[in-house]
Amino acid sequence: MSLQIQMIGTGSAFAKTYYNNNALVYAGGFTLLIDCGYTAPRALHELGVSLEQIDAVLISHTHADHIGGLEELAFRYMYTFKRKIPLLLSTNLETILWEQSLRGGLENLAEDVTSLNDYFEVVALSEHTPTTLHPGLTVELLPADHIPGKPCYSVLLNGKIFFSADTRFNGPLLYELHHKGCTVFLHDCQLYSPGMVHATLDELLTLPKAIQQKTLLMHYGDDMPQFIGKTGDMTFIEQFKTYTFEA
Ligand SMILES: O=c1ccn([C@@H]2O[C@@H]3COP(=O)(O)O[C@H]3[C@H]2O)c(=O)[nH]1
Ligand SMILES: [Zn+2]
Ligand SMILES: [Zn+2]
């Protein structure tokens, strides 16, 4: 089984020449959006992908470059498409996403619209539990070490493709996944050290050649072009380009 991944953005949170690091995953006619940052609606528009073509959206954590486009998605589905889109997220992100991020814009007491469930078909996922979304597409949330006290998840697709979302460098996890047969690592990459809340290029360069060869770097800053040729056996994933992987 093969699946396609198209980054609708590859930029870091404050990048200006790349859109937010969000991805479309195409598998057997099913389209999953991983993260929906504040640039996602514009990026999808530029790609000619309508919001209605997306079958489900999965959220890794509540930073704006990962959830800032959800208000538009919610309103468009409620008032234009008049249906709910599945929203996949960790159980412990449900309340946080509504109370701390979306409620201010989406709550409508006059119409008794008071929860995430009023807009979305919420699918709460347990970490470390593979869930089949469609024949040929399974997702598993892996807790990521991003901001202390703030839930964040990497995503494992079909047990083979690792999508880091936002995480500090976690060498042991990458080694473990490599040994378990993971074939692709899509990893966030902060170009300058120290990393603080993201994996840095220097840290990723400590990985063995066998893992680097499977690694595509994403969530990078505007000066990424200056680093081409300086990433060892790793390469930068390109925004808008569609990649096909066996998984
Ligand atoms: O403790 C913190 C919290 C945040 N930040 C910055 O804010 C950004 C938020 O989105 P992001 O997670 O893609 O990247 C983060 C960093 O660039 C930081 O440097 N240190
Ligand atoms: Zn981010
Ligand atoms: Zn983040």
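## Cysteines without disulfides

In this predicted model, Cys 36 is a buried residue whose relative accessible area is 2%. The cysteine sulfur closest to that of Cys 36 belongs to Cys 152 and is 16 Å away, which is too far for a bond. A disulfide is counted where two cysteine sulfur atoms are within 2.5 Å, so a separation of 16 Å rules out a bond between Cys 36 and Cys 152.

Cys 182 is likewise counted as buried, at 1% relative accessibility. For Cys 182, too, the closest cysteine sulfur is in Cys 152, but the distance of 17 Å is too far for a bond. In keeping with this, a search of the whole structure finds zero disulfides.

## The annotated domain

UniProt, in an unreviewed entry, lists residues 19-219 under the name "domain: Metallo-beta-lactamase". Within the model, this span is 29% helix and 26% strand, and its end C-alpha atoms lie 9 Å apart.

## The zinc ion (ligand 3)

Which residues hold the zinc ion (ligand 3)? Its protein donors are His 61 through NE2, His 63 through ND1, His 146 through NE2 and Asp 166 through OD, and they lie 2.2 Å from the ion. Along the sequence, these donor residues follow the spacing H-x1-H-x82-H-x19-D. His 61 is placed in the loop between strand 4 (56-58) and helix 2 (64-67), while His 146 is in the loop between strand 8 (137-143) and strand 9 (153-157), so the pair ties together parts of the chain that are 85 residues apart in sequence.

Are these two histidines buried or exposed? His 61 is buried, with a relative accessible area of 0%, and His 146 is buried as well, with a value of 2%.

## The zinc ion (ligand 2) and the shared aspartate

The zinc ion (ligand 2) is coordinated by Asp 65 (OD), His 66 (NE2), Asp 166 (OD) and His 219 (NE2), at distances of 2.1 to 2.3 Å. The spacing of these donors along the chain is D-H-x99-D-x52-H. Asp 166 bridges this ion and the zinc ion (ligand 3), and the two ions lie 3.7 Å apart.

Asp 166 is found in the loop between strand 10 (161-163) and helix 6 (171-179), and His 219 in the loop between strand 12 (215-218) and strand 13 (235-236), so this pair ties together parts that are 53 residues apart in sequence. Both residues count as buried, Asp 166 at 2% relative accessibility and His 219 at 3%.

## The largest pocket

The largest pocket holds about 300 Å³ of space. Its lining is made up of 18 residues, and those nearest its centre are Ser 12, Ala 13, Gln 190, His 198 and His 219. His 219 therefore has two roles in this description, as a residue of the pocket lining and as a donor to the zinc ion (ligand 2), tying parts of the chain together with Asp 166. Sorted by class, the pocket lining has eight nonpolar, seven polar and three charged residues.

## The enclosed cavity

How many cavities of 30 Å³ or more does the structure hold? There is one, and the largest cavity contains about 40 Å³ of space. Its lining consists of Ser 154, Phe 162, Thr 167, Arg 168, Asn 170, Leu 173, Leu 174 and His 187. These lining residues divide into three nonpolar, four polar and one charged.

Notes
Residues are numbered from 1 along each chain as its sequence is written. Chains are lettered from A and ligands numbered from 1 in the order in which they are written. This is a predicted model: local features need pLDDT of at least 70, side-chain atom pairs count only at pLDDT 80 or more; totals for chains, interfaces and linings use all residues. Side-chain values use heavy atoms; hydrogens and water are left out. UniProt positions are given in the numbering used here, feature names are shortened, and annotations may be inferred rather than shown by experiment. Helices (H or I, at least four residues) and strands (E, at least two) are DSSP runs, numbered from the N terminus. Donors are N, O and S atoms within 2.8 Å of the metal (3.2 Å for Na, K and Ca); water is not among the atoms, so sites may look incomplete. Buried means under 20% relative accessible area, exposed over 50%, partly exposed in between (1.4 Å probe, protein chains only). On a 1 Å grid over the protein atoms alone, a cavity is a set of points where a 1.4 Å probe fits but cannot get out, and a pocket is an open set with protein on both sides within 12 Å along at least five of seven lines; lining residues have an atom within 4 Å of a point. Grid points are joined across faces, edges and corners, and a volume is the space filled by probe spheres set on the points. Ala, Val, Leu, Ile, Met, Phe, Trp, Tyr, Cys and Pro count as nonpolar, Asp, Glu, Lys and Arg as charged, and the others, Gly among them, as polar.
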